[in-house]
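Hi there,

Here is the structure I promised to pass on. Please have a look at it before reading my notes below.

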Amino acid sequence: MVLLHVKRGDESQFLLQAPGSTELEELTVQAARVYNGRLKVQRLCSEMEELAEHGVFLPPNMQGLTDDQIEELKLKDEWGEKCIPSGGSVFKKDDIGRRNGQAPNEKMKQVLKKTVEEAKAIISKKQVEASVCVTMEMVKDALDQLRGAVMIVYPMGLPPYDPIRMEFENKEDLSGTQAGLSVIKESEAQLWWAAKELRRTKKLADYVGRNEKTKIIVKIQQRLEENDDDTCLNSPWADNTALKRHFHGVKDIKWRPR
């Protein structure tokens, strides 16, 4: 099995194993799925830490408003009244105004926090140091553990607009967010090794040879828009002679022999 140390830019991400006979189409998609799956776990962990501290998400039309504004506009958090944590809630105001402040009690809070830490450990970058490969099965296991913890603490479920529920239902909207920029589309994912793209039409062995004990560092990225580089090179500002002609006042002058 060839061992691949996957990086994004210069940042270590995870280890992946594959036979040299693996089609790079399959391997590239697998790497992108694990990469994006780890991001999903990280997003969920971040939101579940907030859930443990400040309760469920407020309706979008109530977020960021003061209590006086909510009262004046006669807005009501109907889902918040249904989604009560097991054992009752403890009020802890969310200063950012995203969550309703009805936090779980200490026991239930620890259920969420302990599970978050366990899920983080499964997909941690430290797994590289421990020589542990991260698979989609491990990512799914982390997601299942997180889902189970939420069901224990919130047996009535979460509001449909809570980002945690949206993540579990694969309905998350990351457009316009920093998190969205980190995601790599499977169809546009690329793997690079030794300054060469590992083309999807080939096999891993076409690049690394038949030695199954090979270890390589590959970089994952999203394919650049076609012709982006050529467009830049063909721009007028990239033409040194055009720039020189402009400053000498001889732009587009045609010379003819006398």
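Below is what I found, starting with the first helix and moving on to the salt bridges, the surface and a few loops.

Please keep in mind that this is a predicted model.

**Helix α1**

Helix α1 runs over residues 24-54. How far apart should its ends be? With 31 residues at 1.5 Å a residue, the expected span is 45 Å, and the end C-alpha atoms are indeed 45 Å apart, so the two values agree. The helix is also largely enclosed by the rest of the structure, because 23 of its 31 residues are buried. Right after α1 comes G55, which has a positive phi, near 80°.

**Salt bridges**

How many salt bridges are there? The count comes to 20. I picked out a few that you may like to find on screen.

One of them pairs E47 with R98, with 2.8 Å between the closest N and O atoms. This pair links distant parts of the chain: E47 sits in helix α1, while R98 belongs to the loop between β3 (89-91) and β4 (102-104), 51 residues away. E47 counts as buried because its relative accessible area is 16%, under the 20% cut-off. R98, at 23% relative accessibility, is partly exposed.

Another joins E53 to K113, again with the closest N and O atoms 2.8 Å apart. Here E53 is in helix α1 and K113 is in helix α4 (residues 106-122), so the pair ties together parts that lie 60 residues apart in sequence. E53 is buried, with a relative accessible area of 15%, whereas K113 is partly exposed at 29%.

The third on my list is E169 with R165, where the closest N and O atoms are 3.0 Å apart. Are these two residues buried or partly exposed? E169 is partly exposed, with a relative accessible area of 35%, and R165 is partly exposed too, at 26%. In addition, K40, R43, E167 and E172 are joined into one network by salt bridges that share partners.

**A charged patch on the surface**

Which residues form the negative surface patch? They are D67, D68, E71 and E72. D67 belongs to helix α2, which covers residues 67-72. With a relative accessible area of 56%, D67 is over the 50% cut-off and therefore counts as exposed.

As a reminder for viewing helices, an α-helix has 3.6 residues a turn, so residues three or four places apart point the same way.

**Loops worth a look**

K76 is found in the loop between α2 and α3 (78-82). K76 is exposed, with a relative accessible area of 54%. K76 and P59 are 17 residues apart in sequence, and their C-alpha atoms are 8.6 Å apart in space.

Two loop residues other than glycine have a positive phi. For S131, phi is near 60°. S131 lies in the loop between α5 (126-129) and α6 (136-153), and S131 is exposed, with a relative accessible area of 59%. For A194, phi is near 50°. A194 is in the loop between β5 (189-193) and β6 (196-197), and at 51% relative accessibility A194 counts as exposed.

Happy to go through any of this with you.

Best wishes

Notes: Residues are numbered from 1 along each chain as its sequence is written. This is a predicted model: local features need pLDDT of at least 70, side-chain atom pairs count only at pLDDT 80 or more; totals for chains, interfaces and linings use all residues. Side-chain values use heavy atoms; hydrogens and water are left out. Patches are made of residues with over 30% relative accessible area and no salt bridge: like charges are joined within 9 Å, nonpolar side chains (Val, Leu, Ile, Met, Phe, Trp, Tyr) within 5 Å. Accessible areas come from the Shrake-Rupley method with a 1.4 Å probe; for residues, only the protein chains shown count as cover. A salt bridge is a side-chain nitrogen of Lys or Arg within 4 Å of a carboxyl oxygen of Asp or Glu. Lys and Arg count as positive and Asp and Glu as negative; His and the chain ends are not counted. The place of a charge is taken as NZ of Lys, CZ of Arg, CG of Asp or CD of Glu. Helices (H or I, at least four residues) and strands (E, at least two) are DSSP runs, numbered from the N terminus. Buried means under 20% relative accessible area, exposed over 50%, partly exposed in between (1.4 Å probe, protein chains only). The expected span of a helix is 1.5 Å times one less than its number of residues.
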